[in-house]
Every structure is written in C-alpha cells, then in structure tokens.
Amino acid sequence: MQKAQVRFDRDFIIGETDRRLFGAFVEHLGRCVYGGIFEPGHPTADKNGFRRDVLDLVRELAPTIMRYPGGNFVSGYNWEEGVGPVEKRPSRMDLAWKSIETNQFGTNEFIDWCRLADIEPMLAVNLGTRGPDEARHYLEYCNHPSGTTLSDLRREHGWEKPHDVKFWCLGNEMDGAWQMGAKTAEEYGRIATEAAKVMKLTDPTIELAACGSSGRKMSTYGEWERIVLEHTFDDVEYVSLHTYLNNYADDTPSFLASPDLMDSFIEEVVAIADSVAARRRSPKRIMLSFDEWNVWYRTRRGDENRIQTGWPVAPHILEEKYNMQDALAFGGACISLLNHADRVKAGCLAQLVNAIAPIMTETGGPAWRQTIFWPFADFSNLGRGRVLRTYVDVPTYSTRYYDPTRTEELYDRIETVPYLKVSAIHSETDQTVTLFLLNRHLSDGIELNLEATGFGTLTKQRAHELRHDNLLALNTREKPDEVKPREFDAVEAADGCVSMKLAPASWTVVRFDVSK
C-alpha cells in the first residue's frame, strides 16, 4: 500500500472553471452526425430526426459547448450548401474523410439540436479552401437580426431569430500537411487576422480562437504559436491546442503518465502567448481553447478504419472501442484541464458520438456509454467551481512515453510521475469540495490522508470509483454496463481528519459538504 498526503487551503486557488471548459465536438466524420445525433426513421427520432436516446445520454454527459462542423471537414466546407430546403441541398465529396456529404444536416439543424440539448454552439469557419469573405457571410447569416440579404435568407429558411453564436474558430489545424489549404504560420496569421477583422466588424460581440499547433509533436510547434499570435494578438481571445493520448507501445504505466504532457503543453503555450503580450507591453492575456482532446490510437494503426471503397455516406470509421485503462488516462486528462483553469477557458472532447467518442450507437438500434463517458460526466457535472492548489506527497515513477506520430524523437522522457494525480474543486454555491483522484499504480492501493485548511468540517456527501480487475474490459452493445462507477465506501472523516484508501488503477471522485 502506497501512502499519500494531500493538502490544500480554501484561499489558495488556481482559478475558476469556465462553463466552456466542459465542451465536446460534432464533426461530419463517419457516423458522428448521420446515425449518431441525427437519424430520421430511428424508433426514438423526434420530428427533426434527432435521436432522443442519444440526447438523453448527452444530457447525462453534460457538455456545455459544442464545436461544429469540424475538424478537418471544415477546411473544405461550403456552409451555404448546408442551409435552405433540404431537398435542394447538394451532395458533395468530402475530401477530408473520403465520404459523400449529403448536407441533410447543416448549421440550422445543429443550432436547433444545441438548443434542445441546452448546449452553447461553437462554429468554425473555413480558412482552408475559403477565406475572410465567406467567414463574414457565415457570421452575418447566423447572427445578424434582419434587413440584409443573408440575415433575411436565414429568416426565409425558417429561423427568424438570429442564432447569436458567440464563439468562433478561425479554421482548423492549419499547420498540418493533411489539411486542405494548409498554410505556413505567416500565411495563416495574415488570413486569420483579416478574417477576424471583418468578422468583428460584422458582430463585435463575438469571441475568436486562432489555430495553435495541431499537437506538441509538430516540428513547427512553439514558433507557430509565436508567429500566429504576433499577427492575431489584438483580434482574438483564444489560441487552440489539440492532443490525443495513446498506448501504441502497450506500456500502461507510460500511458497513464501521458496526461502530464498535457500539463507541459498548456504551460508552454501560456508562456509563448505571454511573451507576445510582454513584447507589446500589453496587459491582455490570451486564453487557451483545448478544443480537441481524447484518447485515440487503435483506429489510427494502418488507417484500417479509414480504408473504404467508393465514396460512402456516413461510413464506420474511427470507431474507437475504449477500455478501462483508456478511461484512466482520459480521467488524467480531465484533471490536467481542471488544474489549468486559470488559462484553459474552453475545451472540447473529440468527438461526441461513434467517432472516437464516449457514446456509441447502432444504426436503427440502441445507444450506450463507452468507458470514457464516466470520467467526463464526473468532470462536467462535478467540476464547476474554484480549483484549489494542491500539495501532493506521494511516491513517483519515471517513464518514457512512446508516440509514433511524432516527427522527431519517438519518446518523451517523463522523469517524475506521481502515482496519484489530483484536482480539488471548491463550489461556494453548493458549499462543497470535490476531489478527482487518479491512482496510476497498477498493483498497489494508496492510503491517502487529507488536510484541508479553512473549511471547517468536511462531511462525505457522495463518493464513487471506476475500476475493473481487467484493464482491457470495455462496454459493448451486449454488455453496456461492464465498466461503470460503483459506490466508494473507503472514506473516513472524523475530527477534521479525512482518510481514504484508493484501489489500484482507479478513478475516484469524492464530494464533501463543507461546514462553516
């Protein structure tokens, strides 16, 4: 049994979690839209074709903002083809995912779905094959009340009130050679600045995110952010980050350590953004939008889930099957985001349904939760409040994280990995303290003693753990509840002292009521 000491103080905070931190992502990729959130004719479909069984799971998952329509898809997307009478919409070749896009689901349907799910929409503009003119027109169509050709066109299409979308992304992964219309940092910085300029002239109330690096592995990483922000600093509020965790090496300790590289990624981008501000002698601080993150690797191997004949509609691609150890690494990523709540103000799990997703469906059949559903639901439902600075004294290990998608070295050396990864959230509204706890030790439990200063008495309100004796266990159509949370009883709170015993390889969430 490993031993750990965790300490925090009511007055020592990292920052307040922004509501947008708990977002997700819908792209026209595989069966995310068609057969995912939208399936006319399904037994649960409503009059709009939205699957109500999926909506129920989405509400349980509780994402707060939803990015759309891409992703790689957006860099070849013509938004005009996804609005207007459905029977007149053209079918197009989607070069990003080698599919046919029928355009039966477009911007207005997405907005309606978001409103029904009580989720804020986040839209991306195409800065790959298109540019600032199309971006401002898209914004005008969505947000202008009336009296112009495009705003009146929206009203003619049946949406009289403006969509009032406040968060917009200036393209997607424009540093990637795989991207349609990929650009150098200078090229992208210029076009993003000009797009931002005309968009804010169209609607000065919006907020904009510029593309950061597609991943920390990119050879242009760091320099890309610097150059892009030198151009866009005065016109944007956010810079984006993307990352996917993997276990290519079949090395579980290293895999569970990989969320710590997200911590480094965030802190490095913050430093770069602040250096640009310093050269300007500006008090402005660029915030971070971690608008693509997840575990993803099996369906990348040999692209076996992307090989298809012809140009199918909504093919079964990138349908990652998540097991117990994936859920643990995923939970570590949630903790990394929480512990940087001072600067990471928006985040989007990629994606929502079927394609690398927490929710799976069978076309015409049921929907079920994947293992990663559970830590995200905890993160979103219980992670609202003030993130406290924690001191964690626990044994550590070192490892080498293997990432064959890197363009240079294949390994990241992670020298000091604490077996226990922790985030503590204080909600003044609910008068609660919530602990998110990841035990990365595969064979030893952790005996944890907690010292919380400034809170009076902590009384356990609720506690559950996610674990399984088989780290390869997963949820399927036949066994949708193979991996699910269960009540956690190994918590003792008495005389101002709190102790608990965490199982090996476990994700544990404990919420305390606070007495003044």
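This short presentation covers one sheet, one helix that lies across it, and one pocket in a predicted model.

Let me begin with the sheet. It is open and has ten strands, in the order 21-20-24-18-17-14-1-19-23-22, and the pairing is mixed. Strand 21, residues 486-487, and strand 22, residues 491-494, stand at the edges; each has a single partner strand, so one side of each is left without a neighbour in the sheet.

Within this sheet, I would draw your attention to strand 1, residues 2-16, and strand 19, residues 446-453. These two strands run parallel and are joined by eight bridges. As an example of the register, Phe8 has Ala452 of strand 19 as its bridge partner.

I turn next to helix 9, residues 324-338. This helix lies across strands 14, 17, 18, 20 and 24. Relative to strand 17, helix 9 runs at about 50°.

Finally, the second largest pocket, whose volume is about 380 Å³. Which residues lie nearest its centre? They are Asp260, Asp263, Asn339, Pro418 and Lys421, out of a lining of 18 residues. By character, that lining divides into seven nonpolar, five polar and six charged residues.

Which elements supply at least two residues each of this lining? They are helix 8 (259-280), strand 14 (386-393), strand 16 (411-418) and strand 17 (420-427). Helix 8 gives the most, with five residues.

To connect the parts: strands 14 and 17 belong to the ten-stranded sheet, helix 9 lies across both of them, and both supply residues to the lining of the second largest pocket.

Methods: Residues are numbered from 1 along each chain as its sequence is written. This is a predicted model: local features need pLDDT of at least 70, side-chain atom pairs count only at pLDDT 80 or more; totals for chains, interfaces and linings use all residues. Side-chain values use heavy atoms; hydrogens and water are left out. On a 1 Å grid over the protein atoms alone, a cavity is a set of points where a 1.4 Å probe fits but cannot get out, and a pocket is an open set with protein on both sides within 12 Å along at least five of seven lines; lining residues have an atom within 4 Å of a point. Grid points are joined across faces, edges and corners, and a volume is the space filled by probe spheres set on the points. Helices (H or I, at least four residues) and strands (E, at least two) are DSSP runs, numbered from the N terminus. Ala, Val, Leu, Ile, Met, Phe, Trp, Tyr, Cys and Pro count as nonpolar, Asp, Glu, Lys and Arg as charged, and the others, Gly among them, as polar. Two strands pair if DSSP finds at least two bridges between them. Contact means heavy atoms within 4.5 Å. Axes are lines fitted to C-alpha atoms, for helices over the stretch in contact, and angles run from 0 to 180 degrees between N-to-C directions.
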